[in-house]
Amino acid sequence: MNQDNIESILEETRIFSPPQSDTSFSSLDHWQITSDAFTTDFEGTWGKLAQQHLTWQKTFTQVLDETNPPFYRWFSDGQINLSENCLDRHVKYGLGDRTAIIWQGEAGDVRHISYTELLANVCKAANTLKSLGVKTGDRVVLYMPMIPETAMAMLACARIGATHSVVFGGFSAQSLRDRIEDAGASVVITADGGYRRGVVHALKLSVDDALSQGCKSVNHLLVVKHGGNDVAWQEGRDVDWHEALAAQSDICPAEILDSEHPLFILYTSGSTGKPKGIVHSTAGYLLWAHLTMQYSFDFKPESDVFWCTADVGWITGHSYSVYGPLSNGGTSLMYEGVPTYPDAGRIWKICQEHQVTVFYTAPTAIRALIKAGDDYPNAYDLSKLRVLGTVGEPINPEAWMWYHKTIGQERCPIVDTWWQTETGGHMIAPMPFATPTKPGSATLPLPGVFAEVVDADGEVVKEGGGLLVLTKPWPSMLRGIWGDKSRFIETYWQKFANKGYYFAGDGARKDEDGYIWIMGRVDDVLNVSGHRLGTMEIESALVSHPAVAEAAVVGCPDDIKGEGIFAFVTLKTTETNDLVQVLRAHVSQEIGAIAKPDVIRFTHDLPKTRSGKIMRRLLRDIAAGKAITSDISTLENQSVIAILQGQ
């Protein structure tokens, strides 16, 4: 079977027309007109949007400076403050009483924080940072649970021009230390602990451990008392967040900052070697976070309650829990906890109680909720939901259909988004009330995004498989890797240097309608007897079988084929003696004999981070029979490794 046949067999044929709506983007024609505006006048269209949607301290005269590619600069002679755009302007124009953040604690406690209250607390936090010696250009690391103080700290940094770097609270002390040292942070903000599955997990303890291993740049540790657990205290270094803010004024003028001022550094996770700090600027990043709330979610700030379930330790939490919703003047829900505690109905209970209208989560979470059964969502009123989104990885068609039918009740459009830490915001996604959708496809590039599928030489593939690239710069693009210009060029620009393309590192295919299907990371593409197979294709085939809840496919060494196929599978049903052969035959039927897994290992769970991401590098090591020597501290359930290795 040739590669074209392999790629086409699993191609989804179902297509769903978007629901009718009075939104400004209510037809594919409107999408086309908006996209064409960027083709006709690329810089002019971006400039108009920046003037229309952002509040400037000093307006820009140049939209795009491309004199030193790939170090592009946007709106570079303008001046702006992100905190002012997310807070002050809404209060100024009479929206101070509107709820900015709804916070739901795992234990059941709830907080509603208005824009006026949020602004006051951000100003106090900003003044506190200044009292600790933090200046414009300094770096501040945040190691926090999902609590409102985390958003306050981010906005406080932005207010005074300190570059923040949020480190996910599940990272180990060593990983935290590496990131603090790489950023050269002068202050770390943390909490005594955070709630997860009914237990308080210590956070300050990890920070203390990290700081004891080095981190000479750190002068102060600002601690939010949240978990109520006992913590050690170092006089002169440690500062109580609540006491410090109580002593400060609630007025702090926003610093005047250049458009290209580095807003944050966010370190990519899961790889070995030196951490890779992705740098984002202020104006360009903010513009795209703001616009994609409208493009991708049809966000209506006056009426929507938006819930992005991602932790703010990841880019999704930055753009779509904090900066995107708040820059639009809307309401963002934050939840501290896991989606299945105390039971698998927790997410749907929260949606009902807080009348969530737009819901954005990961396919991994969706599959876990499918496994729990329909009784949980069916027990709650989800009628307020109007847009459903997915993020983090391609969603397999069967999970898409469950999301559409059971949660969306066949009336909510599904917005499957493709983007990266590096892109800052969505790049390929349907406009919910304009774009016809296909289960498993991220559909079309958003207006202003120029994405293509190309072959190994950089030539555009009209239909079929290849590599995903971005052919034009965009405002929210990463500005570099912190302290490592050469690595930035080598990682993202070198492969297609002659074309000037940004290489996303993902394989993709384009269908006859121009829709883009993400096939996963290139290093997740298997070469089996000379045939290139996307792991996502095989996973989708496995999950389409009624016995399978979730599957993760990796390559394993094979003396004959070069690379074999190893599948880790969790089941909805009880394992039977012939199930391995049944599933192998099923994959053969769906894709072809070449795609049949060589090994299928059943497991009650897969190794996932606390944000729900499957750690496939660990599965690759297990499949290859290697010892696990890398850091597994971010795993939700570390015991699963021993179980998988012992089988």
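**Exercise 1. Which residues does Thr471 touch, not counting residues up to four places away in sequence?** Find the loop that holds Thr471, then decide how open the residue is.

*Solution.* Bear in mind as you work that this is a predicted model.
- Step 1: Start with the location. Thr471 sits in the loop that links β22 (464-470) and β23 (480-481).
- Step 2: List the contacts. Leaving out residues up to four places away in sequence, Thr471 touches Phe450, Glu452 and Tyr501.
- Step 3: Check a distance. Phe503 is 32 residues from Thr471 in sequence, and their C-alpha atoms are 8.9 Å apart in space.
- Step 4: Classify the exposure. Thr471 has 25% relative accessibility, so it counts as partly exposed; buried would require under 20%, and exposed over 50%.

**Exercise 2. Is Ser321 buried or exposed?** Describe its surroundings too.

*Solution.*
- Step 1: Place the residue. Ser321 belongs to helix α11, which covers residues 315-327.
- Step 2: Apply the cut-off. Buried means under 20% relative accessible area. Ser321 has 2% relative accessibility and therefore counts as buried.
- Step 3: Look at the partners. Setting aside neighbours within four places in sequence, Ser321 is in contact with Cys308, Ala310, Val312, Thr316 and Ser332.
- Step 4: Focus on Cys308. Its backbone oxygen is reached by the side chain of Ser321 at 3.3 Å.

**Exercise 3. In what order do the 3 strands of the open sheet with β28 lie?** Work out the pairing, then add the helices that pack there.

*Solution.*
- Step 1: Write down the order. The open sheet runs β28-β29-β30, with mixed pairing.
- Step 2: Mark the edges. These are β28 (548-558) and β30 (599-602), each of which pairs on one side only.
- Step 3: Note the twist, which averages 25 degrees from one strand to the next.
- Step 4: Examine one pair. β28 and β29 (residues 562-571) run antiparallel and are joined by 10 bridges. Val553, for instance, has Ala567 in β29 as its bridge partner.
- Step 5: Add the helices. Helix α13 (residues 363-372) lies across β28 and β29, at about 125 degrees to β28. Helix α17 (residues 535-543) also packs on the sheet, where it touches β28 and β29, and its direction makes about 140 degrees with that of β28.

**Exercise 4. What pLDDT does the chain average?** Then look at the start of the chain.

*Solution.*
- Step 1: Take the whole chain. The average pLDDT is 92, and 96% of the residues score at least 70.
- Step 2: Turn to residues 1-9. Here the pLDDT is below 50, and the stretch has 18 contacts in the model beyond near neighbours in sequence.

Methods:
Residues numbered from 1 in each chain as written. Predicted model: local features only at pLDDT ≥ 70, side-chain atom pairs only at ≥ 80, totals over all residues. Heavy atoms only, no water. Pairing = 2+ DSSP bridges. Helix = DSSP H or I, 4+ residues; strand = E, 2+ residues; numbered from the N terminus. Axes fitted to C-alpha atoms, helices over the stretch in contact; angles between N-to-C directions. Contact = heavy atoms within 4.5 Å. Buried < 20%, exposed > 50% of the residue type's maximum accessible area, 1.4 Å probe, protein only. Polar contact = N/O pair within 3.5 Å; in protein donor to acceptor, adjacent residues only side chain to side chain. pLDDT = per-residue confidence, 0-100.
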